[in-house]
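User: I am new to this structure and would appreciate a close look at one part of it. Please take a single buried acidic residue as the centre and then set it in the context of the whole chain.

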Amino acid sequence: PTLPPPDRLPPPSASLSMPGPVVAYWEIRGLGAPLRMLCEYAGAEYENKMYKCKEVDGGWDKSDWFDAKPALKDKNALMNLPHVIDGDVVVSQTLACFSYLGKKFGLYGSTPADAVKVDQILCEAQDLRNAACGCFYSSAESFEKRKDGHYEAVKGHYGKFELWLSQQGTAFTAGPAPTAGDFHLWEMLDQHEAFAQKIGKPSLLEEFPKLKALHAALKAEPKLQKYFEGPAYALTINQKFGSFY
């Protein structure tokens, strides 16, 4: 059949014409890394927007972000890092960003029961992240006092995840394939592998075989090899004004 003239062709579908979301965070791994991993695993087009924190005159210049924040706050009063911008949708708050991207890319389970599993893992991983930051961002003197205690405390968090995986009977936290919570959890596992190495301690995963298997499975995932071999994974874990980065 003869095609209609160009001015009568239907517009391309939104899924083909709309650019991917902007995923914004500092130019470190931190909370940005698992959001980037989620997008990479999904095979999604996205913009990895990173704001710089630069050392100047004995201090730290964060103006790259704080100069940009007011205009973004006009769109979302809760604006912070990380955030996601997807067309007219502007999402702030870490767990909301995971929820939005996970649901957008079909990585939030297939049932309400699956989704609430993902919610719980995201919250528990964030608890571990918050505890870690208290140690990682402490002064050099405080870090020396706190590092061994944090190392031992992490085992309590890992024990919860290990038991969860046993109860679920699946390789990942909400089923046989990764969902949004697994990326948040994976990043915390990986950060603590580096932390243990820094303080001269054995891998924390050795006592938790199911977590160790989850970590290894995502590290070997073909969809993520470009990420692991690229510059985003090579970023520092935390800001350099902390004691562990």
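Analyst: The account below begins with one residue and then widens to the chain around it.

The model is predicted, so that local features need pLDDT of at least 70 and side-chain atom pairs count only at pLDDT 80 or more, whereas totals for chains, interfaces and linings use all residues. Residues are numbered from 1 along each chain as its sequence is written, and side-chain values use heavy atoms, with hydrogens and water left out.

The residue at the centre is Asp182, which lies in helix H8, residues 180-198. Helices (H or I, at least four residues) and strands (E, at least two) are DSSP runs, numbered from the N terminus. Asp182 is buried and has no salt bridge. Buried means under 20% relative accessible area, exposed means over 50%, and partly exposed lies in between (1.4 Å probe, protein chains only). A salt bridge is a side-chain nitrogen of Lys or Arg within 4 Å of a carboxyl oxygen of Asp or Glu. The nearest side chain of opposite charge to Asp182 is that of Lys117, 11 Å away; for this purpose Lys and Arg count as positive and Asp and Glu as negative, while His and the chain ends are not counted.

A polar atom of the Asp182 side chain does, however, lie 2.9 Å from the backbone nitrogen of Thr179. Leaving aside residues up to four places away in sequence, Asp182 touches Phe172, Thr173, Ala177, Leu214 and Leu218. Contact here means heavy atoms within 4.5 Å.

The UniProt record, an unreviewed entry, carries the annotation "domain: GST C-terminal" for residues 111-244. UniProt positions are given in the numbering used here, feature names are shortened, and annotations may be inferred rather than shown by experiment. In the model, residues 111-244 are 66% helix and 0% strand, and the end C-alpha atoms of this span lie 39 Å apart.

Helix H7, residues 140-168, offers a contrast in its charged pairs, including that of Lys145 and Glu141, which both lie in this helix four residues apart, about one turn. Their side chains meet in a salt bridge of 3.6 Å, N to O. Lys145 is exposed, with a relative accessible area of 65%, and Glu141 is likewise exposed, at 57%. A salt bridge also joins the side chains of Lys147 and Glu144, at 2.8 Å from N to O. Lys147 and Glu144 are three residues apart in helix H7 and are therefore separated by about one helical turn. Lys147 is buried, with a relative accessible area of 16%, whereas Glu144 counts as partly exposed at 48%. Another pair in helix H7 is Lys155 and Glu152, three residues apart, about one turn of the helix. Lys155 forms a salt bridge with Glu152, the closest N and O atoms being 3.3 Å apart, and Glu152 is partly exposed at 42% relative accessibility. Elsewhere, salt bridges that share partners join Arg29, Glu187 and Asp190 into one network. The structure holds 11 salt bridges.

Some backbone features also deserve attention. Most residues other than glycine have a negative phi, and most peptide bonds are trans. The peptide bond from Leu81 to Pro82 is cis, with omega near 0 degrees, and Pro82 is found in the loop between helix H4 (69-73) and strand E5 (83-86). Asp57 has a positive phi, near 50 degrees, and is not a glycine. Asp57 sits in the loop between strand E3 (54-56) and strand E4 (59-61) and is exposed, with a relative accessible area of 86%. Gln93 also is not a glycine and has a positive phi, of about 75 degrees. The loop that holds Gln93 runs between strand E6 (89-92) and helix H5 (94-104), and at 47% relative accessibility Gln93 counts as partly exposed.

Finally, the whole chain may be considered. The protein chain has 10 helices and six strands, and its C-alpha atoms fill a box of roughly 75 × 55 × 35 Å along the principal axes. Of its 245 residues, 47% count as buried. Among contacts between residues at least 6 apart in sequence, 69% join residues at least 24 apart. The accessible surface comes to about 12,400 Å², of which 54% belongs to carbon and sulfur atoms; such areas come from the Shrake-Rupley method with a 1.4 Å probe, and for residues only the protein chains shown count as cover.

Methods
Polar contact = N/O pair within 3.5 Å; in protein donor to acceptor, adjacent residues only side chain to side chain.
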